[in-house]
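Work through the exercises below with the model open. Try each task before reading its solution.

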Amino acid sequence: DHEGQVVAANENPVIQLARIYEFLLQQQREFHPSLYRTMSRSYQSSLRVVDEYQREVSFTLLPSLLAEARKQNIIHERVDIELVCELYHWFLQRLVTGDLYELLNRDYKAMVEHIVIYNLKGLLNKENSCILDDFRSGR
């Protein structure tokens, strides 16, 4: 359970999401696309484990954190949690298949800023727009 190692249970749910997103991006930088091709050809059971992990993060962990953020009035009421999770899962799949591998090997800090910070900031209520400033400065 890698997420438990990168987040604290009492931490703001949006900060938890940011830490998980950043952790997964870092992991994907180390996962060369040729490994995915090899796994899909020769190690399908391993590929299923990767897919199950992505699904667990996308459809169990993220929705619970987003629901908690909504309950705490941190994110907009109109945020479609299911859609956010579907888009995130699609994004994770693109990372694993190598479609976005080259992007991750550019300026990593800029990638985190655009993929993690800006995407999450779009979900925040106006009153909470500064929540991710601490995350940004803490990196």
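**Exercise 1. Where in the chain is Asn73, and how exposed is it?**

Step 1. In this predicted model, Asn73 sits in the loop between helix H4 (44-71) and H5.
Step 2. Its relative accessible area is 48%. Partly exposed covers the range between 20% and 50%, so Asn73 is partly exposed.
Step 3. Check the backbone. Phi of Asn73 is near 60°, a positive value in a residue other than glycine.

**Exercise 2. Place Asn125, decide whether it is buried or exposed, and list what it touches.**

Step 1. Asn125 lies in the loop between helix H7 (108-121) and helix H8 (131-138).
Step 2. The relative accessible area of Asn125 is 9%. The cut-off for buried is under 20%, so Asn125 is buried.
Step 3. Leave out residues up to four places away in sequence. Asn125 then touches Asn73, Ile74, Ile75 and His76. Asn73, from the loop between H4 and H5, is one of these contacts.

**Exercise 3. Find the aromatic pair and classify its geometry.**

Step 1. Searching the whole structure gives one aromatic pair.
Step 2. The partners are Tyr21 and Tyr88, with ring centres 4.4 Å apart. Pairing requires centres within 6.5 Å.
Step 3. The ring planes meet at 10°. Planes under 30 degrees apart count as stacked, so the Tyr21 and Tyr88 pair is stacked.
Step 4. Locate both partners. Tyr21 belongs to helix H2 (residues 13-29) and Tyr88 to helix H5 (residues 81-97). They are 67 residues apart, so the pair links distant parts of the chain.
Step 5. Check burial. Both Tyr21 and Tyr88 are buried.

Notes. Residues numbered from 1 in each chain as written. Predicted model: local features only at pLDDT ≥ 70, side-chain atom pairs only at ≥ 80, totals over all residues. Heavy atoms only, no water. Phe/Tyr/Trp six-rings, centres within 6.5 Å; stacked < 30°, edge-to-face > 60°. Helix = DSSP H or I, 4+ residues; strand = E, 2+ residues; numbered from the N terminus. Buried < 20%, exposed > 50% of the residue type's maximum accessible area, 1.4 Å probe, protein only. Contact = heavy atoms within 4.5 Å.
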